[in-house]
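Work through the exercises below with the sequence and the structure open. Each task is followed by a solution in steps.

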Amino acid sequence: MELSRIRTADDERMKKLATLYQEAFPKSERREIAQLNELIEHNSEMYFNAIEEDGTLAGLFIYWKFEDFYYLEHLAVYAEMRNRKIGQQVLDFVARHLPGERLLEVEHATDELTTRRVNYYRRNGYEIVDREYLQPSYDTPEESYPLWIMSNTPDTDKEKLARQIQTIKEEVYYKHYRQIVDCKF
């Protein structure tokens, strides 16, 4: 398994990955492709990575590198590649190459699928650290969606976690929204 960062919207893999991105995540949990392309080209904190297995495009992995932590935003693998445990290989890569604290959002465990997802992250060293988190909408700041925050360092002090969550909201969600609004005037 290899990760390679996509740095331009015209990368030949981007069209295929954009389709996967739209299919893998509900509208409330993803950006418009134009927003995504803008971030790929102009935001050095966001790492949009193509996942390749034996030279074949297998999926995508998006993370953000901040001063004192990483935010793992999206991981999606093509259905035909899932039996190769690509997602597990990505999390193993993350554990080896992204040192320090890592945060991610996850849906509440309300059914078999969401419970399996939470347990999958637990098996990989993550624990729920915030059950009251509201994920802002990617394009409408008045909307939000209840999710949990998980961390690989569950003993993080609450003030530090609050600062990290504020960084995620400002840099991942609100900053880009403000840029779009500012362009309209």
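The place of Lys85 is the loop between β4 (70–77) and α3 (86–97). The model is a predicted one, and the values below are computed from it.

**Exercise 1. Lys85 and Asp54**

Task: Decide whether Lys85 is buried or exposed, and do likewise for Asp54. Then state what sign phi has at Lys85 and at Asp54.

Solution:
- Step 1. Lys85 has a relative accessible area of 61%. The cut-off for exposed is over 50%, so Lys85 is exposed.
- Step 2. Asp54 belongs to the loop between β2 and β3. Its relative accessibility is 68%, so Asp54 counts as exposed.
- Step 3. Most residues other than glycine have a negative phi.
- Step 4. Lys85 is not a glycine, yet its phi is positive, about 60°. Asp54 is not a glycine either, and has a positive phi of about 50°.

**Exercise 2. The nonpolar core**

Task: Find which residues touch the most other members of the largest nonpolar core, and which strand gives the most to this core.

Solution:
- Step 1. The largest nonpolar core holds 56 residues.
- Step 2. Leu17, Leu36, Phe48 and Leu72 touch the most other members.
- Step 3. Strand β3, residues 56–65, gives the most to this core, with seven residues.
- Step 4. Take Leu17 and leave out residues up to four places away in sequence: Leu17 touches Ile6, Phe48, Ala50, Leu57, Gly59, Leu60 and Tyr78.
- Step 5. As background, nonpolar side chains tend to be buried together in soluble globular proteins.

**Exercise 3. Packing of α1 and α2**

Task: Describe how helix α1 packs with helix α2: at what angle, in which hand of crossing, and through which residues?

Solution:
- Step 1. Helix α1 covers residues 12–24 and helix α2 covers residues 33–42. Their axes are 11 Å apart, and the angle is about 130°.
- Step 2. This angle makes α1 oblique to α2.
- Step 3. The crossing in which α1 passes α2 is right-handed.
- Step 4. On the α1 side the contact is made by Met14, Ala18, Tyr21 and Gln22, which meet Ile33, Leu36, Asn37 and Ile40 of α2.
- Step 5. Sorted by class, the contact of α1 with α2 has six nonpolar residues, two polar and no charged ones.

**Exercise 4. Met14**

Task: Place Met14 in its helix, judge whether Met14 is buried or exposed, and list what Met14 touches.

Solution:
- Step 1. Met14 is in helix α1.
- Step 2. The relative accessible area of Met14 is 2%. Buried means under 20%, so Met14 is buried.
- Step 3. Not counting residues up to four places away in sequence, Met14 touches Ile6, Ala9, Leu36, Asn37, Ile40 and Phe48.
- Step 4. One of these partners, Asn37, is 23 residues from Met14 along the chain, and their C-alpha atoms are separated by 8.9 Å.

**Exercise 5. Two buried loop residues**

Task: For Phe66 and Asn43, name the loop of each and the residues each one touches.

Solution:
- Step 1. Phe66 lies in the loop between β3 and β4. At 8% relative accessibility, Phe66 counts as buried.
- Step 2. Not counting residues up to four places away in sequence, Phe66 touches Glu45, Tyr71, Thr167, Glu171 and Val172.
- Step 3. Phe66 and Met14 are 52 residues apart in sequence, and their C-alpha atoms are 24 Å apart in space.
- Step 4. Asn43 lies in the loop between α2 and β2 (46–53). At 9% relative accessibility, Asn43 counts as buried.
- Step 5. With neighbours within four places in sequence left aside, Asn43 is in contact with Arg5, Glu38 and Trp64.

**Exercise 6. Two partly exposed helix residues**

Task: Find which helix holds Glu41 and which holds Tyr120, and list the contacts of Glu41 and of Tyr120.

Solution:
- Step 1. Glu41 is in helix α2, and is partly exposed at 39% relative accessibility.
- Step 2. Glu41 touches Arg7, Thr8, Ala9 and Asp10, not counting residues up to four places away in sequence.
- Step 3. Tyr120 is in helix α4, residues 112–123. Its relative accessible area is 22%, so Tyr120 is partly exposed.
- Step 4. Tyr120 touches Gly87, Gln88 and Leu91, not counting residues up to four places away in sequence.

Note on methods
Residues numbered from 1 in each chain as written. Predicted model: local features only at pLDDT ≥ 70, side-chain atom pairs only at ≥ 80, totals over all residues. Heavy atoms only, no water. Core = buried A, V, L, I, M, F, W, Y, C linked by side-chain atoms within 4.5 Å. Buried < 20%, exposed > 50% of the residue type's maximum accessible area, 1.4 Å probe, protein only. Helix = DSSP H or I, 4+ residues; strand = E, 2+ residues; numbered from the N terminus. Contact = heavy atoms within 4.5 Å. Axes fitted to C-alpha atoms, helices over the stretch in contact; angles between N-to-C directions. Parallel < 35°, antiparallel > 145°, perpendicular 65-115°, else oblique. Left-handed = near helix turned anticlockwise from the far one by under 90°. Nonpolar A, V, L, I, M, F, W, Y, C, P; charged D, E, K, R; others polar.
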